Amino acid sequence: MKSKAGERLSAMPELSRKELIQRAKEFSKQFRIKDGKEFRLKDYDPGEDAGLGKEDKEVARQALQIGVEALSAMQEVLYAQDKWGVLLIFQAMDAAGKDGAIRHVMSGVNPQGCQVTSYKAPSAEELDHDYLWRCMKNLPERGRIGIFNRSYYEEVLAVRVHEQFLKGQKIPSELITKDIWDERLKDIRNFEGYLSRNGIVVCKFFLNLSKKEQKKRFLDRINDEDKHWKFSASDAKERKFWDQYMEAYEDLIRHTATKESPWYVVPADNKPFSRIVVASAVINTLDSLGLEYPKVSEQKLAELYKVKDDLMAED
């Protein structure tokens, strides 16, 4: 038997694409942070799922698929228009479901128009550059969607929590002051403003996982041989710094959430629900760009009709 949330999702196939986009826009707003001044992470429940239960798993899958199809159609227009680029940034604690969200939500997107970049510890070459350098190399072109699985935000997360990482970055010691984190947050905000003013729209997701749910997922990985490859002992060690990470996430969202480059704080304890939230937010982002297919000139139309006439005249 479906829950009330499941019954609402069941009605989605009856919606027109325009109605679906409007519904997605309204739904995603409750998770969007456009001005971080008053943001407090404690106000956002990782277990929020709008009443979507296990019995609704198939309905949630169908609803997500409808959203994916809408995304696919919008991405095609984005690619054809070739004016805007879209950068989606995913940040989260381990086991929050970043990979799954990216895989499921973007499953219908043409690979030609989408590129995914995952960031781990910086290489020796990357450490010889400023911390934005490796991400700047992978910014999306116009007409494309770029996805960062982790990003330059690690510089105010992992590097902030483990300050020994900062010492390995070859930064002149006189530049490492008590203000360095505020300075980095200001630089990131300015960088995203620069991208926005140049037609690259930045949309950021924090998959908000509870510590309790992370423990459950870690144990699931340990108890399932097929999931052993997903687990590293270092992941568990990071749990000891949970509170420091939460403070760092709250601070970065407060300082870098803007109207042009918002954060979406996505409840991540329920994977199907979190994926619907992400899909709705991406639909909202693309819809805000006023996408439309390029208009064809009279000369081009004449050429097309001439080709059509020639084809129709063939035996």
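**Around S261, strand β6 and a helix crossing**

Leaving aside residues up to four places away in sequence, S261 is in contact with E192, V202, K204 and T256. In this predicted model, S261 lies in the loop that runs between α12 (242-256) and β6. The residue has a relative accessibility of 2%, and S261 therefore counts as buried, the cut-off being under 20%.

The loop leads into strand β6, which spans residues 263-267. Five of the five residues in β6 are buried, so that the strand is mostly covered under the same cut-off of 20%. The side chains of β6 are divided between two directions: W263, V265 and P267 point one way, while Y264 and V266 point the other way. Residues of both sets are buried.

Strand β6 has pairing partners in β1 and β5. With β1 (residues 32-33), β6 runs antiparallel, and two bridges join these strands. R32 has Y264 as its bridge partner in β6. With β5 (residues 200-208), β6 runs parallel, and here five bridges make the connection. Y264 appears in this pairing as well, standing opposite F205. Two of the residues that S261 touches, V202 and K204, have numbers that fall within the range of β5, residues 200-208.

C203 also falls within that range, and it raises the matter of cysteine pairing. A disulfide is a covalent bond between the sulfur atoms of two cysteines. The rule applied here asks for a pair of cysteine sulfur atoms within 2.5 Å, and the count by this rule comes to zero disulfides. Why does C203 form no such bond with C114? The closest cysteine sulfur to that of C203 belongs to C114 and is 13 Å away, which is too far for a bond. Seen from C114, the closest cysteine sulfur is that of C203, at 13 Å. Both residues are nonetheless covered: C203 is buried, with a relative accessible area of 1%, and C114 counts as buried at 18% relative accessibility.

A further feature is a pair of helices. Two packed helices are described by the angle between their axes and the distance between the axes. For α4 (residues 98-105) and α13 (residues 271-287), the axes come within 10 Å and cross at roughly 55 degrees. That angle makes α4 oblique to α13. The crossing of α4 past α13 is right-handed. At the contact, G100, A101, H104 and V105 of α4 meet R275, V278 and A279 of α13.

Definitions and conventions
Residues numbered from 1 in each chain as written. Predicted model: local features only at pLDDT ≥ 70, side-chain atom pairs only at ≥ 80, totals over all residues. Heavy atoms only, no water. Buried < 20%, exposed > 50% of the residue type's maximum accessible area, 1.4 Å probe, protein only. Helix = DSSP H or I, 4+ residues; strand = E, 2+ residues; numbered from the N terminus. Pairing = 2+ DSSP bridges. Contact = heavy atoms within 4.5 Å. Axes fitted to C-alpha atoms, helices over the stretch in contact; angles between N-to-C directions. Parallel < 35°, antiparallel > 145°, perpendicular 65-115°, else oblique. Left-handed = near helix turned anticlockwise from the far one by under 90°.
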